[in-house]
Amino acid sequence: MQPKRPVFTEISLGKASASHHTWLVTQALSDLIQDVRIDWKSQAACRGYPDELFFPVGDTDEEQIATALAVCDSCKVREECLSYALESNQRAGIWGGTTEKERRSLRRRWLAERKRSA
Ligand code: SF4
């Protein structure tokens with residue numbers, strides 16, 4: 001994966017101030033993390049399934065939810081998917097093998113844990 005900005009070239013040429021160096025490195029790391037985060041989607045087991053399958057109306061269509069969760073069970077990026085959903089507060093749909101209701105509860109605990117460890 002290539003960085004999106006010529007960070008290291010500018011730094012090695014000494015063209016940037018210290019604060020600009022910090023900003024450039026921070027941006028490069030942020031871009032890299034974003035690229036890695038996005039990359040998990042390319043390995044998702046749900047690719048090729050209709051989006052609607054993973055967005056049942058609420059938690060009421062048990063058959064649809066069970067079908068979507070079965071796909072998640074075989075997904076090798078389930079953890080990444082769930083982390084993404086918790087971090088970005090995805091309220092609708094099936095993410096990381098969890099329903100909307102399950103994720104509301106999980107997110108409350110996840111936020112509490114983050115506060116404790118901050
Ligand atoms: S865990 Fe489920 S919703 Fe998430 S990427 Fe995998 S199959 Fe898709």
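**Exercise 1. Find how far the model can be trusted at residues 1-13, and in the chain as a whole.**

Solution. Start with pLDDT, the predictor's confidence in each residue, from 0 to 100: over residues 1-13 it stays under 50. The model nevertheless has 18 contacts beyond four places in sequence for this stretch, where two residues are in contact if their C-beta atoms, placed from the backbone, lie within 7 Å. Where pLDDT is low, the predicted coordinates should not be read in detail. Then turn to the protein chain, whose mean pLDDT is 82, with 68% of its residues at 70 or more. This is a predicted model, in which local features need pLDDT of at least 70 and side-chain atom pairs count only at pLDDT 80 or more, while totals for chains, interfaces and linings use all residues. Residues are numbered from 1 along each chain as its sequence is written.

**Exercise 2. Work out whether Leu 111 is buried or exposed, and describe the helix that holds it.**

Solution. First, place Leu 111 in helix α5, residues 100-117; helices (H or I, at least four residues) and strands (E, at least two) are DSSP runs, numbered from the N terminus. Next, apply the cut-offs: a residue is buried if 20 or more other C-beta atoms lie within 10 Å of its own, exposed if 12 or fewer, and partly exposed in between, with C-beta atoms placed from the backbone. Leu 111 has 12 other C-beta atoms within 10 Å, and is therefore exposed. The helix around it is hardly covered, since the count of buried residues among the 18 residues of α5 is one. Finally, check the length of α5: the expected span is 1.5 Å times one less than the number of residues, so its 18 residues should span 26 Å, which agrees with the 25 Å between its end C-alpha atoms.

**Exercise 3. Identify which residues make up the largest nonpolar core, and which elements give two or more residues to it.**

Solution. A nonpolar core is a set of buried Ala, Val, Leu, Ile, Met, Phe, Trp, Tyr and Cys residues joined through C-beta atoms within 7 Å. The largest one has eight residues: Phe 54, Ala 68, Cys 72, Cys 81, Leu 82, Ala 85, Ile 94 and Trp 95. Two elements, α3 and α4, give two or more residues to this core, and the largest share, three residues, comes from α4. To look at one member, take Phe 54, which touches Cys 46, Ala 68, Gly 93 and Ile 94, not counting residues up to four places away in sequence.
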